[in-house]
Amino acid sequence: MTTPIPRLAKRPILIAALLVLLSGPAVALEQSTSPAKCDSPQHHELDFWVGDWQVFDAESNVLVAFDRVEKQYEGCVIVESLTFLTDMYRRPGVKVRLAGTAVNRFDGDRWLQMWADNQWGAIVLSGAPNAAGNMEFVTVIPSRNRDVKLVYEKRPDGTLRILQYVAAAGSGKWTKYGDLKYRPNR
């Protein structure tokens, strides 16, 4: 009959195993101690979006949200924090207004955006400048059996417009569902 090992006696074994794992190949992956270089022209394609914004519904010109967009982590990541003041995108049955965050990163080929909120869930998009020179993001994987497209238009007056489209997954038949105007929050 074997004697069970007390819980406290197992901890040195666990710690030793973790030390072996941490000192193995994973440590060898670190090739350089210099910081990431996020200063290519592509890394600046979304700089026009960085700022503190008032967000208006383009049709009614009503203030609907505030959006803060910041470059973080040595300029490699753009983080968005969006909070709605109206019920414009409130999901039926949810007691609070829409609020969410997006993390954006240029991956060497395209931009990746991961959006998560308190209403509809999460979505991953991939983006690049389109033929008109606007930044265009499209879902990587359909969300709730639909595709989403966002078009960011930089305006000469320093404002921004974000057009939002939806389509049945894989159909490519886009329907506009939102048109937001961004003005600097001064």
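**Notebook: a ten-strand barrel and its pocket**

I started at the lining of the largest pocket, where β8 gives the most, with four residues. Strands here are DSSP runs of E, at least two residues long, and helices are runs of H or I with at least four, numbered from the N terminus.

**Ground rules.** I noted that this is a predicted model, in which local features need pLDDT of at least 70 and side-chain atom pairs count only at pLDDT 80 or more, while totals for chains, interfaces and linings use all residues. Residues are numbered from 1 along each chain as its sequence is written, and side-chain values use heavy atoms, with hydrogens and water left out.

**Confidence.** I checked pLDDT (the predictor's confidence in each residue, from 0 to 100). The protein chain averages 87, and 81% of the residues score at least 70. Over residues 5-10 the pLDDT is below 50, and beyond near neighbours in sequence I find one contact for this stretch; contact means heavy atoms within 4.5 Å. Residues 13-21 are also below 50, with zero contacts beyond near neighbours in sequence.

**The pocket.** Back to the space itself: about 500 Å³ lies in the largest pocket. It has 26 lining residues, and the closest to its centre are Trp115, Asp117, Leu150, Gln164 and Tyr177. For the search, a 1 Å grid is laid over the protein atoms alone; a pocket is an open set of points with protein on both sides within 12 Å along at least five of seven lines, a cavity is a set where a 1.4 Å probe fits but cannot get out, and lining residues have an atom within 4 Å of a point. Points are joined across faces, edges and corners, and the volume is the space filled by probe spheres set on them.

Which strands each supply at least two residues of the lining? I list β3, β5 (111-117), β6 (122-129), β8 (146-154), β9 (160-168) and β10 (175-184). By type, the lining divides into 18 nonpolar, four polar and four charged residues. Nonpolar covers Ala, Val, Leu, Ile, Met, Phe, Trp, Tyr, Cys and Pro; charged covers Asp, Glu, Lys and Arg; the others, Gly among them, are polar.

**The barrel.** I traced a closed barrel of 10 strands in the order β1-β2-β3-β4-β5-β6-β7-β8-β9-β10, with antiparallel pairing. Neighbouring strands are turned by 25° against each other on average, direction ignored. Axes are lines fitted to C-alpha atoms (for helices over the stretch in contact), with angles from 0 to 180 degrees between N-to-C directions. Two strands pair if DSSP finds at least two bridges between them.

**Pair by pair.**
- β1 (residues 51-57) and β2 (residues 63-72) are joined by six bridges, and Trp53 has Asp67 as its partner in β2. Their hairpin has five residues between the strands, and Asn61 takes a positive phi near 60°.
- β2 and β3 (residues 77-84) pair over eight bridges, with Ser81 in β3 as the partner of Arg68. Four residues separate the two, and Tyr73 in the turn has a positive phi of about 55°.
- β5 and β6 share six bridges; Ala116 is matched with Ala122 in β6. In their turn, Gly121 has a positive phi of about 115°.
- β6 and β7 (residues 135-139) have five bridges, and Gly127 stands opposite Phe137. Gly133 in this hairpin takes a positive phi near 90°.
- β8 and β9 pair over nine bridges, including Glu153 with Arg161.
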